[in-house]
Amino acid sequence: MGHVWVKAKIGDENLAKLVETEALVDTGATLTVIPRKIALDLNLKPTWKSLVETGAGRLELERSRIWIELEGRSEIVPALISDIIDKVLIGVTTLEVLGLQVDPLTGKLKEWTLLLY
């Protein structure tokens, strides 16, 4: 299928400032990850740190909350702040909250039914 790239709008919880960017959908990631530069541009305040498992080993990353819009759907979601990753990675939790999933036939996002169990 290859990589799935989407247009994303990201902001702080109050929508005081927005950033538009291309983001890589990573269905192997639990949470969305944003580069430190975007966190600083949006003046995000870390809420706590999380231990995460990566291909490079375990890392402790700061967490915050962002407003995100994908495919015309928006919500406030948790996000990790990275000093290593230089692009936005959309994690599966964000997809689920927005009611979206990757269509493996088209390589695009499509509507998905939220689960209540």
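How many nonpolar, polar and charged residues does the lining of the largest pocket have? The views below start with that pocket and then turn to the strands; keep in mind that this is a predicted model.

**View 1. The lining of the largest pocket, sorted by class.** Here is the count: 11 residues of the lining are nonpolar, six are polar and three are charged. Together, 20 residues line the largest pocket, and its volume is about 380 Å³. Rolling a probe the size of a water molecule over the atoms shows where empty space is left.

**View 2. The residues nearest the centre of the largest pocket.** Look for Val33, Val52, Glu53, Thr54 and Leu80, which lie nearest the centre.

**View 3. Strands that help to line the largest pocket.** Strand S4 (48–54), strand S5 (57–70) and strand S6 (73–82) each supply at least two residues of the lining. Which strand gives the most? That is S4, with five residues.

**View 4. The hairpin of S1 and S2.** Strand S1 (residues 5–11) and strand S2 (residues 18–25) run antiparallel, and seven bridges join them. You can find Trp5 opposite Leu24 in S2. Six residues sit between the two strands of this hairpin, where Leu15 takes a positive phi near 55°.

**View 5. S1 paired with S5.** S1 is also joined to S5: four bridges link these two strands, which run antiparallel. To spot one pair, start at Ala8 and look across to Leu70, its bridge partner in S5. As you trace the strands, remember that in a regular strand the side chains alternate between the two faces of the sheet.

Technical notes: Residues numbered from 1 in each chain as written. Predicted model: local features only at pLDDT ≥ 70, side-chain atom pairs only at ≥ 80, totals over all residues. Heavy atoms only, no water. 1 Å grid on protein atoms, 1.4 Å probe; cavity = no way out; pocket = protein on both sides within 12 Å on 5 of 7 lines; lining within 4 Å. Points joined across faces, edges and corners; volume = space filled by probe spheres on them. Nonpolar A, V, L, I, M, F, W, Y, C, P; charged D, E, K, R; others polar. Pairing = 2+ DSSP bridges.
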